[in-house]
Amino acid sequence: MPLKFSKRLIASEAFESAAAFDVDGDGQLDLVSGGFWYQGPDFVTRHNLGQVQREGDYYDDFSTIALDVNGNGRLDFVTGGWWGHRLIWRENPGVAGQEWTEHLIAQMGRIETTRAWDVDGDGYLELVPNTPNESLVIYRLERDAQGKGLGQFSSHTLWAGPQGHGLGFGDVSGSGRGDFVFTTGWLEAPEHRWTGEWTFHQEFDLGFESGLASVPMIVADVNGDGLSDLIVGNAHGYGLDWLEQGRDAGGGRTWTRHPIDPFCSQYHDLRWADLDGDGQMELITGKRYLAHPGDVDAGNGDELGIYYFKWTGAGFVKHFIAHGPLGVWAGCGITFDLADLRGTGRLDVIAPGKDGLHIFFNEGL
């Protein structure tokens, strides 16, 4: 039996990134999206946090990564975008309605979106921008002996080749270390991540006809055989696939591609989480409405949707969180979030996008 969800529109602004975290330290999750934060637990009261650069149909705000950058106990957030060529953090002032000051982390190439992963396994997250035409550069928050952020970041170039559109992270090799996944292969982590040499394996092509893959691409043991597989969405066209890792007769690594959903388009952000509470992970994703405006992307005019896909042992079964016409249902932007917003023990879906900011409350079975 599929899960049931109830929809609530939070705001009509067209910001495409959102996250749930405790902004004001009251123990309740709040929502942060673009130039505003929405006070929990009811998300009715809206507070301005500052202006966001507008570029045509877009806001230059393609991530919302909660992080206490300066170690003062308040959660700030990291963002950046395609036009500004900047990775920045916005400082939580601790006063509702006061502007969140922007701080530059780095000037760089065009940022498709940024993700946070624990690259070196020390329990702290690093910042990993997907800059399609640039090298893979990781930004590591400098911390004191107690682990508090010091407000500064060090940069580490791990690979000098262009990343391409699409990026993933996880233990591909089975070494216990996190590797990086690009559309044309994967980058194997050395024992010493910051001083060792990362090795590129050109073993597959994850690109679709558009050549533009999701961020992230998921690394997970889908079929439970002890080998990490890959899940990739077509960020700007039709398609959602998984690649099964195997071994040939000589023990070499093989990859077999399986379709999950060839019928929907613009699967730009993917999540792997236990949505129904059965102890098994589900794939959660959906359409990024007008990922490229106009008729640039295949499927731009299709109905919107957010879905979860449940592994059956033989393949994925698609279940609907939302599906229907613009103005009635919703997509999920470039960075959506999952969080238990009501203390039910179930993960809800926070879905931003050019069609507005929505919550899909998980009502269970």
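These exercises work through a few local features of a predicted model.

**Exercise 1. Place lysine 287 and describe its charge partners.**

Step 1. Find the element. Lysine 287 belongs to strand S25, which covers residues 282–287.

Step 2. Check burial. Lysine 287 is buried.

Step 3. Look for an opposite charge. The nearest such side chain is that of aspartate 302, 4.9 Å away. A salt bridge needs a distance within 4 Å. Lysine 287 therefore has no salt bridge.

Step 4. Look for a polar partner. The side chain of lysine 287 makes a polar contact of 3.0 Å with the side chain of serine 265.

Step 5. List further contacts. Leaving aside neighbours within four places in sequence, lysine 287 touches several residues, among them Gln266, Asn300, Glu303, Leu304 and Cys332.

**Exercise 2. Locate two cis peptide bonds.**

Step 1. Take glycine 40 and proline 41. Their peptide bond is cis, with omega about 10 degrees. Proline 41 sits in the loop between strand S4 (36–38) and strand S5 (46–48).

Step 2. Take valine 215 and proline 216. The bond from valine 215 to proline 216 is also cis, and omega is near 10 degrees. Proline 216 lies in the loop between strand S19 (199–201) and strand S20 (218–220).

**Exercise 3. Describe two non-glycine residues with positive phi.**

Step 1. Start with histidine 85. Its phi is positive, about 55 degrees. Histidine 85 is in the loop between strand S9 (76–80) and strand S10 (86–91). Histidine 85 counts as partly exposed because its relative accessibility is 25%.

Step 2. Turn to leucine 290. Its phi is positive, about 55 degrees. Leucine 290 lies in the loop between S25 and strand S26 (304–311).

Conventions: Residues are numbered from 1 along each chain as its sequence is written. This is a predicted model: local features need pLDDT of at least 70, side-chain atom pairs count only at pLDDT 80 or more; totals for chains, interfaces and linings use all residues. Side-chain values use heavy atoms; hydrogens and water are left out. Helices (H or I, at least four residues) and strands (E, at least two) are DSSP runs, numbered from the N terminus. Buried means under 20% relative accessible area, exposed over 50%, partly exposed in between (1.4 Å probe, protein chains only). Lys and Arg count as positive and Asp and Glu as negative; His and the chain ends are not counted. A polar contact is a pair of N or O atoms within 3.5 Å; within protein, one must be able to donate a hydrogen and the other to accept it, and residues adjacent in sequence count only if both atoms are side-chain atoms. Contact means heavy atoms within 4.5 Å.
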